[in-house]
Amino acid sequence: MAILERMAGQGDLSREAFRYLIDCRSECEWLDYKQSLSLENDDELCAFAKDVLALKNVGGGYLLVGVKDKSWAQVGLLQPLHYDSKQIRDKIMKATGLTLDIDIVTHSLGSEPNVKYYPLILVRSSRKRRRRRSPTVCGKDFCAKKPYGLRRGEIYFRRGDSTVKLESQSELEELLDRLEEQADEDAIKADIAPSPFAVEDGTYRLLDRGFENFIGRNELRDKVLAAVLGDPRIWIINVHGPGGVGKSAVVNWAAYELYHQRAFEAILQLTAKETALTETGIRKNPRCLYSLENLFDHILMLFQERTDQELERKKELVTELLSAWRTLIILDNMETISDGRILNFVQRLPAGSKARVLLTSRTKTGGWELPIPVTEMSQSETSDFIRLKAAEMHVKFPLDSVTIERVNRASGGLPLATQWILGQFKRMDDLDSILNRVVSKDSPVLEFSFRNVWGTLSPEAQAILAIMSIFDGPTSTYHLSVATQMRLDIVDRAITELLEVTLVNKSVQQSDGRILYSALPITLAFARNELGTMGDLEIRSRQRLQEFNEQMEIQAAEVSRFQSDFERYGITTPNEKRAVILCRRAESEMFSGNAEGAELMFKQARDLSPNSAYVLAKSAAYELARNRVGLALERITEACRYVAKRTGALVYGVKARILDVQHDRAGRCQALKRALDFEPDNTVLRHQYGVALSRFGATPEAIEQFTAIITIEEKKVPPRDTFIMALVTRIINLVRLGRRDEARADFARAKDLVARFPHLSTAGAKLAEIEPEIELLGPGRPS
């Protein structure tokens, strides 16, 4: 009860708090379980409002949804509640007329497809027991004539595991006395409040250093110190990286270094970490950071100020103190804090504040804070670490390069995992067994390094990371989409989430520009263990990949169908050939009216060969056909970056079409001229260029282009339609310039060709259109 009273008072909504509450398996004054929660009906809202008022009157408490009453079975919800904190507060206002401080955070257990959600609702109240003597009473009538209704002036309270209505102030006093006595007895028995600080010196509060000597990483240490002591306009520094990579260690080193230098007038170091990895396993860690209220109390106690004040007054006083004292606040393990108000507070410190805030987290905060990434140790750094740490621990550890490489691979370059290996080796001289245990299902290294951050991931991100463990190397979002049958946009969101918590890395394949994603072997070992708990996801994913690979095998017949395209556009690599085939299939889908199927295939083609000018140009043409001109322009601009001799005409031809839709006549002329630089004998392109020049008003230049086409075409036997089209367009432009005799001569020549070669009759239809205009021509200037 003392722990629950403290947690409620500190506003702890963390995952660790959730785990503690769900494992209590009993209810009391500060904890109420509910199997489900709906606030849409008046009777349900009244019952919930009574529970909230009762929890408020015992000093705050929790409602945990998804646990059966009495049996404590963890059933969970299939979907998160659709209420946020504001909506719940509004519901309580509607029923009671009161504005109460209520927050909700949804946690989850299990993995897809069996994930279950557990909303955790915190009712905040005064931590000062004397203030509970003035209870919060219902402020209005709501459904007052109904048996379940609320009436103005009613007092609700928790008696054991029940919400009850009190009849008098004396009854409230009696219940409070008994409750507080019990909580005090529990606190004395549990001795739950030892100081978490190793250094309590005036206005300095530092946590235990955690090491005797800090080994290596000089550049990182210098970078952290420079950031903390640097530009005052950047007062938040976020040291981020994977679990066990040494974030807390380097920040601990900085805290003691700055303490010895007296670089700040005050230093307050707090951690949200509840466990620590030791040589023998995972042990409890004295956590001292839970919520904004808890942070304010620590700051006020540091400067010997009273903590028994309302939250807004605390905030004002803390802000004043941080503006008066040059203070360093260190907040460790921020990714486990559910109270977003902490980061919001430090981000909004006034310009005159003298505070600096040093965070450690597995994620970037996403704001304008200065990020300092902490990466895994290289093999040489691992070698130095093992050599010095083994000497410190008095361990005779083999230092040959093969052993170091094995340890570096097994540990993922994480200092904490490496130190655990050394500790195990000191106890049992069997390196093979120790390295195998690092990646085993019961590995304390995996549990400590990844369990907490795994619990914060969405089900989709968990599934993607788990499936990454079945690939032999780096993979693409497209292949992950194939394996999991998730839409590409969902895979992209999941990958972004994994990047933010530094569980995966992004790289660009130099040969073809594909974006690939990978994870450390130690990360994949944890993910592989979790995959085993996800039903038949692994089997089904492997089957889909096998089917996909079989489909993507280019058969000889299919290659021959597209061989002309491969040769014309210089397509040589297997991936780009597959991408070309996908583009051609997508065009067929588009022509048959299946725009959605075409879009998916073009996306698959870009994933397979993102640097292919052909693929990007065809994608741009598709976007243009869908009237998405802006996206078409983006695609063709990217295609121009990768253009080659054989794809230049295609790329700039598509660009000309896009610019034509934008009525950019000059730009269209330039694009077609550029296309002709790549294929000067392409009469179709040259004709388009001539027409573009004519529309732009460059009539003489247009005539030059049509003349060049005629020169080429008149040598061909039999003549082609292109010959007639060039004559017709030259006639039109000659008339425009008043060169009538030349126009008549071209007209007669074209008419003669159509009469002699019947296959030109279709192109000759244009002659009939311009014939009346030719007949009206009077005498012109000599040609």
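Strands β5 and β6 of this predicted model form a hairpin in which two residues lie between the strands, and Gly160 in the turn adopts a positive phi of about 65°. The two arms, β5 at residues 155–159 and β6 at residues 162–166, pair in the antiparallel sense over five bridges. Within this pairing, Phe157 stands opposite Val164 in β6.

Further along the chain, an open sheet of seven strands is arranged in the order β7-β8-β10-β13-β14-β9-β15, and its pairing is mixed. The edges are occupied by β7 (199–201) and β15 (370–373); each has a single partner strand, so one side of each is left without a neighbour in the sheet. On average, neighbouring strands of this sheet are turned by 15° against each other, direction ignored. At the β7 edge, the partner is β8 (residues 204–206), and the two strands pair in the antiparallel sense over three bridges. One of the residues involved is Val199, whose bridge partner in β8 is Leu206. Helix α8 (residues 292–302) packs on the sheet, where it touches β8, β10 (266–271) and β13 (327–332). The direction of α8 makes about 150° with that of β10.

The remaining topic is internal space. Rolling a probe the size of a water molecule over the atoms shows where empty space is left. A search of the whole structure finds two cavities of 30 Å³ or more. The second largest cavity holds about 30 Å³ of space, and its lining consists of Ile731, Ile732, Val735, Ile770, Glu773 and Ile774. Helices α30 (721–737) and α32 (761–775) each supply at least two residues of this lining. By class, the lining comprises five nonpolar residues, no polar residues and one charged residue.

Definitions and conventions
Residues numbered from 1 in each chain as written. Predicted model: local features only at pLDDT ≥ 70, side-chain atom pairs only at ≥ 80, totals over all residues. Heavy atoms only, no water. Pairing = 2+ DSSP bridges. Helix = DSSP H or I, 4+ residues; strand = E, 2+ residues; numbered from the N terminus. Axes fitted to C-alpha atoms, helices over the stretch in contact; angles between N-to-C directions. Contact = heavy atoms within 4.5 Å. 1 Å grid on protein atoms, 1.4 Å probe; cavity = no way out; pocket = protein on both sides within 12 Å on 5 of 7 lines; lining within 4 Å. Points joined across faces, edges and corners; volume = space filled by probe spheres on them. Nonpolar A, V, L, I, M, F, W, Y, C, P; charged D, E, K, R; others polar.
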